[in-house]
Amino acid sequence: MRAIYMVTTRLSSSLRPILLDFVFCSPRKFSNPKRLICAATKLNGGGGGRSGSIVAPLVVNEDFQRIDVNPPKGTRDFPPEDMRLRNWLFNHFKEVSRLFGYEEVDFPVLETEALFIRKAGEEIRDQLYCFEDRGNRRVALRPELTPSLARLVIQKGKSVSLPLKWFAVGQCWRYERMTRGRRREHYQWNMDIIGVPQVTAEAELISSIVTFFKRIGITASDVGFKVSSRKVLQEMLRKYGVPENLFGRVCVIIDKIEKIPVDELKKELGSTGISEDAIEQLLLVLSVKSLDDLEEILGGAGEAIADLKQLFSLAEKFGYSEWIQFDASVVRGLAYYTGIVFEGFDRKGKLRAICGGGRYDRLLSTYGGDDIPACGFGFGDAVIVELLKEKDLLPELGQEIENIVCALDKDLQGAAATVATALRSKGQTVDLVLEYKPLKWVFKRADRVNARRLVLVGKKEWEDGSVSVKVLSSGEQFQVKLNDLE
């Protein structure tokens, strides 16, 4: 700005506004590229003869367009009002995690591509934002947090004691079709337990999500959890001689059971080599909504039945049995799940899954580590906000400032800064009016930011080492010494 000022002072009064409009690219005057050329010509001395120009000749692209001010498709800006909501939500994520004794971790948003495509055939493979960096390394923006967690656990090795209870809130990226509550970037809350093979781990994870829902006003009549086990599917596929290596692919297909027609689902399952009889029996099992009915089909001796019975028993002890229900069709789309899986859903069926998770006991060996029993969940920020809107539960989160400090005289701006610094050193929030403004403007500002009080620095009071304080809720006004200002 100083350089522009120095240049403009050396121009004639007729050329000065042209330069300023040119520098700040006035959309009204220079939306047409020809006007830009005209302005540049005038600044260069009119274009005729020798010029004592202050700027170089301008080359203008006739196809010049103003930059699109919207964020890329599927992404978001967070202006202050949206940031307040995001912070409110994340604070609940973090507080619930703290209540359950979990420690916070984080990972790079950018990871090696191999971390996410190691499990061949996963749907996620086609959803990566991936590229080759300048060191010829294949990298990707993380689409989820669990593989990064597994990498960190392997890296730490025996330097950490099991069990690990970790949580993270991080940004994830997936290039996929956008629907309500689904974007190409989102933030996700993960809680994971590493080193506990018992179903008590899954039971506690679901309890933590229920605790979160209760804190934000969501009830069991609004939301429920569908629970099943990957072992149900494994037992069925084993019964019909389906090879183990097809398991992940079959899970990805079955995860679409509520998203595509049954005939299309059968066609996709048939393409894996599963017989028609096996497909019919598989779909029959997947339609089961009762543990008793499942036990009749599979028998009571399998691990799947035992795990699920224990989970439902623990749900009563944790106090959330009314929140969960058995649904054999829940398998989750990611191939690394090995046992119990669960999804949170809104009971009116208007939204996609709110959250989901399960057991992944064999994920670490996929990356070259030793298998350690583990389970966890992911909870995105987009669907829950849609649900809160649906239930009219979004909080009103205006800006809140404790003090507005204002100088009543232009010469007292420095004194006002001293007062603001004193209050901030005591942990109070202060909005310092940085230029001389009439009191009417200051009161409007105070109302807009929900200020608790005004601290006015007047000449007479300041000479006495005091300031005037006005409590806005009551209208009470008094003078106080600066050293006594709390």
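**Exercise 1. A helix on a sheet**

Helix H17 (residues 413–425) lies across strand E12 (403–407), E13, E14 and E15. In this predicted model, state the angle at which H17 runs to E13, then describe the sheet formed by the five strands, with its order and pairing.

Solution.

Step 1. H17 runs at about 170° to E13. Angles here run from 0 to 180 degrees between N-to-C directions.

Step 2. The sheet is open, has mixed pairing, and follows the order E13-E12-E14-E15-E16. Strand E13 (430–432) and strand E16 (477–481) are its edges, since each pairs on one side only. From one strand to the next, the twist averages 25°.

Step 3. Inside this sheet, E14 and strand E15 (residues 466–471) are antiparallel and share four bridges. Opposite Leu456 stands Ser468 in E15.

**Exercise 2. Two helices and their spans**

For helix H8 (residues 200–215) and for H5, compare the expected span with the distance between the end C-alpha atoms. Then list which residues of each helix are buried.

Solution.

Step 1. H8 has 16 residues, and at 1.5 Å a residue it should span 22 Å. The end C-alpha atoms of H8 are 23 Å apart, which agrees.

Step 2. H5 has 20 residues and should span 28 Å at the same 1.5 Å a residue. Its end C-alpha atoms are 28 Å apart, again in agreement.

Step 3. The cut-off for buried is under 20% relative accessible area. In H8, 12 of the 16 residues meet it, and the helix is mostly covered. They are Ala201, Glu202, Ala203, Glu204, Leu205, Ile206, Ser207, Ser208, Ile209, Val210, Phe212 and Phe213.

Step 4. In H5 the buried residues are Leu85, Arg86, Trp88, Leu89, Phe90, His92, Phe93, Val96 and Ser97. An α-helix has 3.6 residues a turn, so residues three or four places apart point the same way. The cover over the buried residues of H5 includes E5, E6, H8, strand E11 (374–380) and helix H16 (381–390).

Step 5. A glycine with positive phi comes just after each helix: Gly217 after H8, at about 95°, and Gly101 after H5, at about 80°.

**Exercise 3. Aromatic pairs**

Count the aromatic pairs, classify the pair of Phe78 and Tyr187 and the pair of Phe212 and Phe213, and state where Phe78 and Tyr187 lie.

Solution.

Step 1. Rings pair if their centres lie within 6.5 Å. The count comes to 17 aromatic pairs.

Step 2. For Phe78 and Tyr187 the centres are 6.2 Å apart and the planes are at 75°. Planes over 60 degrees apart count as edge-to-face, so this pair is edge-to-face.

Step 3. Phe78 is in the loop between helix H4 (33–43) and helix H5 (80–99), while Tyr187 is in strand E6 (residues 185–194). The pair therefore ties together parts that are 109 residues apart in sequence. Phe78 counts as partly exposed because its relative accessibility is 25%; Tyr187, at 14%, counts as buried.

Step 4. Phe212 and Phe213 are 5.9 Å apart, centre to centre, with 50° between the planes, and the pair is tilted. Both of these residues are buried.

Step 5. Ring pairs link a cluster made of Phe78, Phe90, Phe93, Tyr187, Trp189, Phe212, Phe213, Phe225, Trp323, Phe377 and Phe379.

**Exercise 4. Charges over rings**

Which rings do Arg184 and Lys437 lie over, and at what distance from the ring centre?

Solution.

Step 1. Arg184 is placed over the face of Tyr175, 4.0 Å from the ring centre.

Step 2. Lys437 is placed over the face of Trp441, 5.1 Å from the ring centre.

**Exercise 5. Backbone exceptions**

Most residues other than glycine have a negative phi, and most peptide bonds are trans. Describe the peptide bond that joins Leu162 and Pro163, and the phi of Asn136 and of Asn450.

Solution.

Step 1. The bond between Leu162 and Pro163 is cis, with omega of about 0°. Pro163 sits in the loop between helix H7 (146–156) and strand E5 (164–173).

Step 2. Asn136 has a positive phi of about 60°. Asn136 is in the loop between strand E3 (129–132) and strand E4 (138–141), and at 60% relative accessibility counts as exposed.

Step 3. Asn450 also has a positive phi, near 55°. The loop holding Asn450 runs between helix H18 (439–448) and strand E14 (453–457). With 42% relative accessibility, Asn450 counts as partly exposed.

Definitions and conventions:
Residues are numbered from 1 along each chain as its sequence is written. This is a predicted model: local features need pLDDT of at least 70, side-chain atom pairs count only at pLDDT 80 or more; totals for chains, interfaces and linings use all residues. Side-chain values use heavy atoms; hydrogens and water are left out. Helices (H or I, at least four residues) and strands (E, at least two) are DSSP runs, numbered from the N terminus. The expected span of a helix is 1.5 Å times one less than its number of residues. Buried means under 20% relative accessible area, exposed over 50%, partly exposed in between (1.4 Å probe, protein chains only). Rings of Phe, Tyr and Trp (its six-membered ring) pair if their centres lie within 6.5 Å; planes under 30 degrees apart count as stacked, over 60 as edge-to-face and the rest as tilted. A charge sits over a ring if NZ of Lys or CZ of Arg is within 6 Å of the ring centre and within 35 degrees of the ring normal. Contact means heavy atoms within 4.5 Å. Two strands pair if DSSP finds at least two bridges between them.
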